[in-house]
Amino acid sequence: MNYFLTGGTGFIGRFLVEKLLARGGTVHVLVREESRFKIDKLKERWGATDDQVKVVIGDLAKPKLGISAKDLKALKGNVDHFFHLAAVYDMGADEDAQAATNIEGTRNAINAAEAMDAKRFHHVSSIAAAGLFKGTFREDMFEEAEKLDHPYLKTKHESEKVVRTECKVPFRIYRPGMVIGHSKTGEMDKVDGPYYFFKLIQKIRRALPQWVPTIGIEGGRLNVVPVDFVVDALDHIAHLDGEDGNCFHLVDTDPYKVGEILNIFAEAGHAPRMAMRVDSRMFGFIPPFIRQSVKNLPPVKRITSALLDDMGIPPSVLSFINYPTRFDARETERVLKGTGIEVPRLESYAPVIWDFWERHLDPDLFKDRTLKGAVEGRVCVVTGATSGIGLATAEKLADAGAILVIGARKKERLAEVAKQLEARGASVHAYQCDFSEMEDADRFIKTVLDNHGHVDVLVNNAGRSIRRSLNLSFDRFHDFERTMQLNYFGSVRLIMGFAPSMLERGRGHVVNISSIGVLTNAPRFSAYVASKSALDAFSRCAAAEWSDRNVTFTTINMPLVKTPMIAPTKIYDQVPTLTPDEAADMVADAIVYRPKRIATRLGTFAQVLHAVAPKMGEIVMNTGYRMFPDSTAAAGVPGGAKPKVSSEQVAFAAIMRGIYW
């Protein structure tokens with residue numbers, strides 16, 4: 001058998017060539033001159049010789065595929081099966097590009113097949129040819145397609161029409177569903193279909209424990225099929241006798257709803273499942289013009305655009321959420337009966353699909369998501385940089401090539417740290433400053449701007465923590481003043497000092513080291529948590545004002561970290577804590593990814609619990625309050641004995657890992 005393929009180097013094509021070679025055939029593959037290297041790589045994959053796979057230089061956009069007269073003459077009468085797979089499948093591609101490839105490319109392929117005297121023409125269409133038909137679309141239906149407004153739907157329908165009305169070679173038409181990766185290996189070549197929602201699932205997984213139920217959408221039924229089913233069915237049907245002129249739906253006859261698909265992949269990705277799914281059709285009572293008016297409101301459009309951009313989802317994908325079409329496949333079932341070729345259930349192969357995406361297709365893999373890429377040659381200010389989180393962060397920024405500006409109260413220690421950082425090859429500029437003193441903070445701001453012109457990244461790390469029950473604080477109002485002065489006023493002073501140049505340049509990022517206590521409402525930390533909460537609130541307000549000016553904020557609700565700040569509380573020696581280096585990794589993520597917030601799953605869950613069941617959260621925190629005593633220093637007993645830690649306290653702290661007690 002001799003075969004000719006367009007799209008032979010594409011996703012479906014490369015698997016089909018492998019099947020055809022297994023039949024002992026000779027396969028001619030159309031490629032552009034500049035893409036010839038792809039065939040050389042694929043021959044290694046297929047284990048094929050030059051005699052088994054022959055390259056035909058051409059171009060889908062040219063008449064008769066741009067194949068030379070010499071090659072056409074050699075192929076004439078020697079092609080048993082002509083497979084036309086090449087097409088544009090990009091939901092974001094413009095209509096002209098899709099029309100040129102999908103419609104005119106199909107016409108050129110037909111003309112080439114006729115010039116070769118090919119015995120049979122196989123057109124790989126798509127279920128998209130049905131448009132957004134409401135109801136069941138049969139294999140013998142074509143003209144009944146409706147709502148073909150989207151360029152992809154329209155061009156796939158029109159290309160199939162070209163085959164039906166213009167092709168003089170005996171033909172067969174195949175309409176695959178949404179083709180995803182291989183059911184055994186997960187192999188896929190691009191993000192498409194359900195893959196567009198994988199990033200959303202991944203983000204939810206990082207934010208919430210797997211057992212936390214979420215709310216999602218129900219949606220219509222999406223017809224998802226693995227590439228190996230499509231290729232096995234295509235290969236089998238193409239070689240049957242007596243099927244010319246027929247159309248075959250290569251689909252799942254029992255498709256899943258959008259919400260079911262998302263839940264299946266959420267489970268595969270170890271993310272929370274949607275325990276409740278909302279069917280958007282329940283809002284059908286709202287008049288269409290009102291729904292459209294709401295969609296066109298500037299804030300709604302901006303929010304929608306930002307969310308879709310963050311997830312990498314083309315806006316046009318939303319129109320398929322409530323996909324209305326079901327597909328009958330009785331002809332396909334007839335010819336595949338007894339072959340063992342069938343669509344596997346998605347649950348059986350979703351894990352390999354997810355694993356391949358996360359290892360090979362996750363968009364973050366193709367971005368410079370390194371700290372060096374984010375800060376090299378840029379001015380980064382870190383306060384409280386001589387110990388703990390600040391020092392570990394400064395070391396990472398130094399190693400990443402930042403122009404590092406550090407500030408701290410103690411001159412000698414500051415000089416020592418600067419020397420250590422310079423020994424790592426860093427560009428370090430150390431300025432002594434007590435950030436709780438506003439005049440000192442102003443002097444620091446002026447010095448930095450005079451010497452460096454601007455600040456790209458500000459890490460507000462310098463802070464003061466006080467662990468003392470309110471019962472012991474009635475005569476210590478200065479505790480609240482001291483924490484507010486440094487944690488809130490000092491940080492705000494720096495933000496307000498550096499923000500004008502950030503806004504003028506249209507670029508800047510502020511990282512505020514907050515506390516998990518803000519999310520958990522930690523007892524004994526009212527002074528500290530209140531000051532951090534104030535900074536969080538200020539930053540949210542500022543972010544809302546500067547959202548469209550590329551000056552961004554990240555709040556890190558830091559769990560308990562083993563630093564000098566917690567050293568006076570000896571009970572923390574016995575409970576789980578992060579290391580400063582682990583905390584600095586969170587700061588690095590904030591700088592690289594610029595999320596609105598970074599928090600542990602437990603911290604996020606505590607915030608959700610406080611929102612939906614505040615009394616329950618209060619009881620949990622009160623239990624911890626009663627279980628862990630005040631330190632002897634907080635109680636005004638200097639030099640007291642080191643407290644003994646019970647097994648119950650250790651167990652409770654382990655369960656509530658990272659929370660302040």
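Which residue just after H20 takes a positive phi? Keep that question in mind as we walk through this predicted model.

**Start with the whole chain.** Show everything as a cartoon and you will be looking at 23 helices and 22 strands. Now colour the residues by burial: of the 661 residues of the chain, 52% count as buried. Switch on the surface next. The chain exposes about 30,600 Å², and carbon and sulfur atoms supply 54% of that area. If you draw contacts with a separation of 6 or more, residues 24 or more positions apart account for 78% of them.

**Select residues 580–593.** This is helix H20, with 14 residues. Place a distance line from its first C-alpha to its last: the helix reaches 20 Å, close to the 20 Å expected at 1.5 Å a residue.

**Show the side chains of H20.** The buried ones include Ala583, Ala584, Met586 and Val587. Further along the helix, Ala588, Ala590, Ile591 and Val592 are buried too.

**Add the neighbours.** The buried residues of H20 pack against two helices, H13 (371–375) and H14 (388–399). They also pack against strands E19 (457–460), E20 (508–515), E21 (551–558) and E22 (597–599).

**Step just past the end of H20.** Here is the residue from our opening question: Arg594, with a positive phi of about 55°.

**Finish with two cysteines.** Select Cys167, which is buried with a relative accessible area of 12%. Then jump to Cys380, also buried, with a relative accessible area of 0%. How many disulfides does the structure hold? The number is 0.

Terms used:
Residues numbered from 1 in each chain as written. Predicted model: local features only at pLDDT ≥ 70, side-chain atom pairs only at ≥ 80, totals over all residues. Heavy atoms only, no water. Disulfide = S-S within 2.5 Å. Buried < 20%, exposed > 50% of the residue type's maximum accessible area, 1.4 Å probe, protein only. Helix = DSSP H or I, 4+ residues; strand = E, 2+ residues; numbered from the N terminus. Expected span 1.5 Å × (residues − 1). Contact = heavy atoms within 4.5 Å. Areas by Shrake-Rupley, 256 points an atom, 1.4 Å probe, with all protein chains shown as cover.
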